[in-house]
2 protein chains.
Amino acid sequence: MTDPHQPAPPRPTSRDVARAAGVSQATVSLVLGGKWPGRVSEATAQRVRDHAAELGYRPNLAARNLRLGRTRTALLVVPALTNEFFARVYTGAAAVAAEHDFGVVLYPSPDGTGPARAPFASARAALDGVIASSMASDALSALHGADLPLVMLDSDPAGTDAAAHVNLDIADGMRQVTEHLLGLGHRRFVHLASAVDTWTFAVRAQSVREAAGRVPDATVRTVRAPLDVRAGREAAEQALAVTGERPTAIVCDDDILAAGACKAARRLGLRVPDDLSVTGFDDLALATAVEPELTTVRLPAEQVGERGMEALLAVLEGRPAEPGSLPVRLVVRGSTAPPPAASRT
Amino acid sequence: MTDPHQPAPPRPTSRDVARAAGVSQATVSLVLGGKWPGRVSEATAQRVRDHAAELGYRPNLAARNLRLGRTRTALLVVPALTNEFFARVYTGAAAVAAEHDFGVVLYPSPDGTGPARAPFASARAALDGVIASSMASDALSALHGADLPLVMLDSDPAGTDAAAHVNLDIADGMRQVTEHLLGLGHRRFVHLASAVDTWTFAVRAQSVREAAGRVPDATVRTVRAPLDVRAGREAAEQALAVTGERPTAIVCDDDILAAGACKAARRLGLRVPDDLSVTGFDDLALATAVEPELTTVRLPAEQVGERGMEALLAVLEGRPAEPGSLPVRLVVRGSTAPPPAASRT
DNA sequence: ACCTCGACGTTATACGTAAAACCTCGGATG
DNA sequence: CATCCGAGGTTTTACGTATAACGTCGAGGT
């Protein structure tokens, strides 16, 4: 138990190491920076390293950042970390960053549409670049000083000055879901859509309608809800409480909404999947926690983060970021089945 | 579309602003730092602010950090962000930080026990302090340079050199759960425990046994599993497949494990809660997504982050951090009921 | 008329690092 | 023997900011 009020011993600087090793500060910097082959003898280098280790020297990052004008730090802008998808994106980005001795700092925005007022400065870090996930580009440019390289994830490829895009083939995912249901015989759909108004959800909506539109007698009714279980349940209950022919399948923008839809079904006395098929999107942990397990679309969330970080690193090094969108995969589980006999043609 | 290869226009510095406003750099610094009452006339101050805004000046944080020796940045160490609990802790910490113009950078460790080798340096930020959540203190001290103020969350209050602790009354939560089940008439328990070996889980185990121990004929069998649904299901299946008298309640260390236990029950043809009661812990979104909704213990996760950050700020300012542990609350939902008649005394 | 004293700024300096530019000296070279 | 050269360093500078220390100038007191 040491006195907590001793004024914190000043950390050793490279000059301290130099003094201890009997060399100049520049030499320490060269050795520890790995720039010494041919400039410093092996003997001296070792001596420097030894003393650095002994003193517990660790370079002052603020000083280094100032000197180099780069910080090896990227900002990741996400709508909400409590959404597992974004947590996984972060995890992937952070992993790749760590490999390249980069850091990732987060800028979460409470609402889904992006941070409202405070600029990135509130991230309290000097940044080398920005990675923005699933955001409305206008909300972003208000914050984006335009002076930092920008990589956009899962966002509209057109109309932004992003240096690179990493996209998921959302349209294909939703097409696979819809065709899966069509193939099972469903014709009357509800699309339980996110109330958030971003590109990634717009694509979902369009894709469902397109796929269903190719089958003459298929109908799609859209309802929207915020991304939580209760809201999803309420919206689904409302959509199911129709007079006349009940829809036989609910296509959801998200596993969370799908969980809500399942609860709605149960409340109305409908069995999933016998009376009603439900599909999710994202393949979160939730998808296999509920009963029945959700038929959904697996998104490689970590990979999105990884590719995003790789793209940013490429841009920072002047290399071109390789484009291309990531494939997604339909995962059929227990929440989908052929429609009940009474509803078949 | 501008040429992506133009070498990034250098950001304006305080000196640029000074030149534009016809004052010295020091004056700019005084004005923008808010230290000007009595040192700079209002007219001059306004002129400086105008030119700063026009040039789009933003102070170089690296330089400021170097000069001040403080960075207004805290490190939050969490086992895994994909666990909603920690995402919420982060959210709370970041919110309080933002209010005080502080930043939070994360250090996630893949396994639950804490980062293995890389020191905090890989967070790539100059730090003012560290907040560590639910960690084994020895894993931490290996990383902790001992030169930074440390606040520990949900960790053993004894035996560390932390400057402050923010704890949840975990023991009380588990006691409430157990007594709730005892009150319903349960006597044969399975404690489905986390395989992670940290204080917070040790407390749960001890508390279950203590509470059950006060009732003569109550028995507790413990099984352990990693924190995911499948592992929870498998462990629960094994625990339920006993010969002789089946347990009537499964007390889980976590909602995720509880979801697994529910799935196990269904597989074995047991109904929850009629044949088997299941309880969770944390009250994640998951708890109300599954059917039946989980009886669980609500932990004020955001508040843990908030209080942690407040404690760190207090320590940094030399103020004493007010101690005390946060209360938790039993939330009774649909996954618990009296044991089946055949099992009653 | 001289000193004092605020009000209003300015000059100078330090933070710790990286790296360009510069020394020094012993041996190889012409 | 003068010269070049490379190995092995050192000296110096710059990064942008915050602030301590130091002017300057006009008004007010004596």
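**Exercise 1. List the residues that B:Gly129 is in contact with, leaving aside its neighbours within four places in sequence.**

Step 1: fix the term. Contact means heavy atoms within 4.5 Å.

Step 2: read off the partners. In this predicted model, B:Gly129 touches B:Thr73, B:Ala74, B:Leu75, B:Leu148, B:Pro149 and B:Leu312.

Step 3: place the residue. B:Gly129 sits in strand 3 (residues 129-133) of chain B; helices (H or I, at least four residues) and strands (E, at least two) are DSSP runs, numbered from the N terminus. Its relative accessibility is 0%, so B:Gly129 counts as buried. For accessibility, buried is under 20% relative accessible area, exposed is over 50%, and partly exposed is in between (1.4 Å probe, protein chains only).

Step 4: add a distance. From the C-alpha of B:Gly129 to that of B:Asp147, 18 residues along the chain, it's 8.9 Å.

A word on conventions: residues are numbered from 1 along each chain as its sequence is written, and chains are lettered from A and ligands numbered from 1 in the order in which they are written. Local features need pLDDT of at least 70, side-chain atom pairs count only at pLDDT 80 or more, totals for chains, interfaces and linings use all residues, and side-chain values use heavy atoms, with hydrogens and water left out.

**Exercise 2. Describe the protein surface near DNA strand D.**

Step 1: count. 26 residues surround the strand, and the closest are A:Ser41, A:Thr44, B:Ser14, B:Tyr57 and B:Arg67. Near means that a heavy atom of the residue lies within 4 Å.

Step 2: sort them by type. You get nine nonpolar, ten polar and seven charged residues. (Ala, Val, Leu, Ile, Met, Phe, Trp, Tyr, Cys and Pro count as nonpolar, Asp, Glu, Lys and Arg as charged, and the others, Gly among them, as polar.)

Step 3: look at the DNA side. Of the strand D atoms within 4 Å of the protein, 56% belong to sugar or phosphate, and the rest to bases.

Step 4: pick out polar contacts (N or O atoms within 3.5 Å). A:Thr27 has a polar side-chain atom 2.6 Å from a phosphate oxygen of strand D, and for the side chain of B:Tyr57 the distance to a phosphate oxygen is 2.5 Å. A:Arg39 goes for a base instead: a side-chain N or O atom is 3.1 Å from a base oxygen.

Step 5: find the main contributor. Helix 4 of chain B gives the largest share of this surface, four residues.

**Exercise 3. Work through the salt bridges, starting with B:Glu291 and A:Lys263.**

Step 1: recall the idea. Side chains of opposite charge can pair when their charged atoms come close. Here the cut-off is a side-chain nitrogen of Lys or Arg within 4 Å of a carboxyl oxygen of Asp or Glu. Searching the whole structure turns up 40 over all chains.

Step 2: take the named pair. The closest N and O atoms of B:Glu291 and A:Lys263 are 3.3 Å apart. This pair crosses between chains, from the loop between helix 11 (285-289) and strand 10 (296-298) of chain B to helix 10 (residues 255-267) of chain A. B:Glu291 is partly exposed at 25%, while A:Lys263 is buried at 7%.

Step 3: try one within chain B. B:Arg333 and B:Asp283 meet at 3.1 Å, N to O. They link distant parts of the chain, 50 residues apart, and both are buried.

Terms used: A polar contact is a pair of N or O atoms within 3.5 Å; within protein, one must be able to donate a hydrogen and the other to accept it, and residues adjacent in sequence count only if both atoms are side-chain atoms.
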